[in-house]
Amino acid sequence: MSEEFSVSRRDFLKTSTAAGAGLAAGATSPTGGLGQAATSTARSKPLKVYIVTDMEGVHGIFNWEDQCQPFKSPRWTESQKLLTGEVNAAVEALFAGGATEVIVADLHDSGRSLSTETIDPRAQLLQGPDEGIPATLGLDSSYSALIFIGQHAMAGAKDGVISHSYGFEIQNIWVNNQIVGEIGARTMLAGYLEIPVIMLAGDAAACKELQELVPHAECAAVKTGFSRTGGISLSDQAAYSLIGEKARRAVERLPEFRPYKVSAPVELKVEFTVQGTPVYRQREGVERENDRVYVYRGKDLVDAWLRWGNF
Ligand SMILES: [Zn+2]
């Protein structure tokens, strides 16, 4: 696992940065407007939404072995169906709320969970293993908003169902001393690219995690954990209608949201588990604090993060 990690990290370094250059391109400029009122300008502009998807936060999913391993878990086909249902409920609502384009990123375990055959025909699917897509997830400032579907909480989160941060070999991650998991990291990446995060569907712990960063984000808690491996879930139909309601409200409330900003320079600290610690190789901006804690420093969020891996 750690070997895999260091290989992909090197690849990311090769293909990295660039994305950061286009930063703030979407910002309003006095000359860019067409002389219309702010509201009508907003309505006539393309509204492109990026959906981060994962499996562990989907309703009805509590067991990683039985439900989350692509094509190995006995209940994998059911899991795909549940995630697809959640995605399609969100896509439907986003378009109803004013989205003009929706990209669904299949980000659970090497991008093999969704299919073009079954996603809403108006959406487009972003797929591929970690090394197949950019380290910054193909996000850029052409997107107006980001939402999470099927999202789990960070490693160690209280009652977070199948909680983890990227891999099970990671104990904790901090960005400038602020603890983050996938929700925090991707909210920060989106913010770096001037994209606000407006909604999340996942377990109650994941909802709480996003709302600590974006207090007024719309959240669909489709299940509530009693522990890391058990809890109560909504039924399919109830989950889909809750997601639809929240996604639609989120996109309608878009003008209220601001991108989440991290101050620069950035220090990323990763604490690995005993089994997960990668072999240390000396390189610029990377320091081994102790046996299990590595520090990655960069001029900004993306610069620091890409010294470690992908978002
Ligand atoms: Zn996952």
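**Core, zinc site and two buried residues**

In this predicted model, the largest nonpolar core takes in 94 residues, and the members that touch the most others are Y50, I149, M199, W308 and F311. Helix α4 supplies the largest share of this core, with ten residues.

Helix α6 gives a view of how one element is packed. Spanning residues 204-213, helix α6 has A205, A206, C207, E209, L210 and L213 as its buried residues. Their cover is a mix of strands and helices: it includes β4 (145-151), β6 (178-179), α5 (182-192), β7 (197-203) and β8 (218-225).

Next comes the metal. The zinc ion is held by protein donors from D54 (OD), E56 (OE, listed twice) and H108 (ND1), at 2.0 to 2.8 Å. Along the sequence, these donor residues follow the pattern D-x1-E-x51-H. Distant parts of the chain are thus brought together at the site: E56 sits in the loop between β1 (48-53) and α3 (64-67), while H108, 52 residues away, belongs to the loop between β2 (101-106) and β3 (124-126). E56 and H108 are both buried. As for geometry, the arrangement of the four donor atoms is irregular because the angles they subtend run from 51 to 136 degrees, whereas a tetrahedral call would need all angles to lie between 85 and 135 degrees. For reference, the ideal angle for four tetrahedral donors is 109.5 degrees. Water is not among the atoms, so the site may look incomplete.

S73 is worth a stop as well. This serine lies in the loop between α3 and α4 (76-97). S73 counts as buried because its relative accessible area is 6%, under the 20% cut-off. The S73 side chain reaches back to the backbone oxygen of E65, at 2.6 Å. E65 also turns up among the contacts of S73: with neighbours within four places in sequence set aside, S73 is in contact with W64, E65, D66, Q67 and C68.

Towards the other end of the numbering, G309 is found in the segment after α8 (301-305). Like S73, G309 falls under the 20% cut-off for buried residues, so its relative accessible area of 7% makes G309 buried too. G309 also pairs up with a residue from far along the chain: its C-alpha atom is 7.2 Å from that of A135, although the two are 174 residues apart in sequence.

Conventions
Residues numbered from 1 in each chain as written. Predicted model: local features only at pLDDT ≥ 70, side-chain atom pairs only at ≥ 80, totals over all residues. Heavy atoms only, no water. Donors = N, O, S within 2.8 Å, 3.2 Å for Na, K, Ca; no water. Tetrahedral: all angles 85-135°; square planar, octahedral: opposite > 155°, others 65-115°. Helix = DSSP H or I, 4+ residues; strand = E, 2+ residues; numbered from the N terminus. Buried < 20%, exposed > 50% of the residue type's maximum accessible area, 1.4 Å probe, protein only. Polar contact = N/O pair within 3.5 Å; in protein donor to acceptor, adjacent residues only side chain to side chain. Contact = heavy atoms within 4.5 Å. Core = buried A, V, L, I, M, F, W, Y, C linked by side-chain atoms within 4.5 Å.
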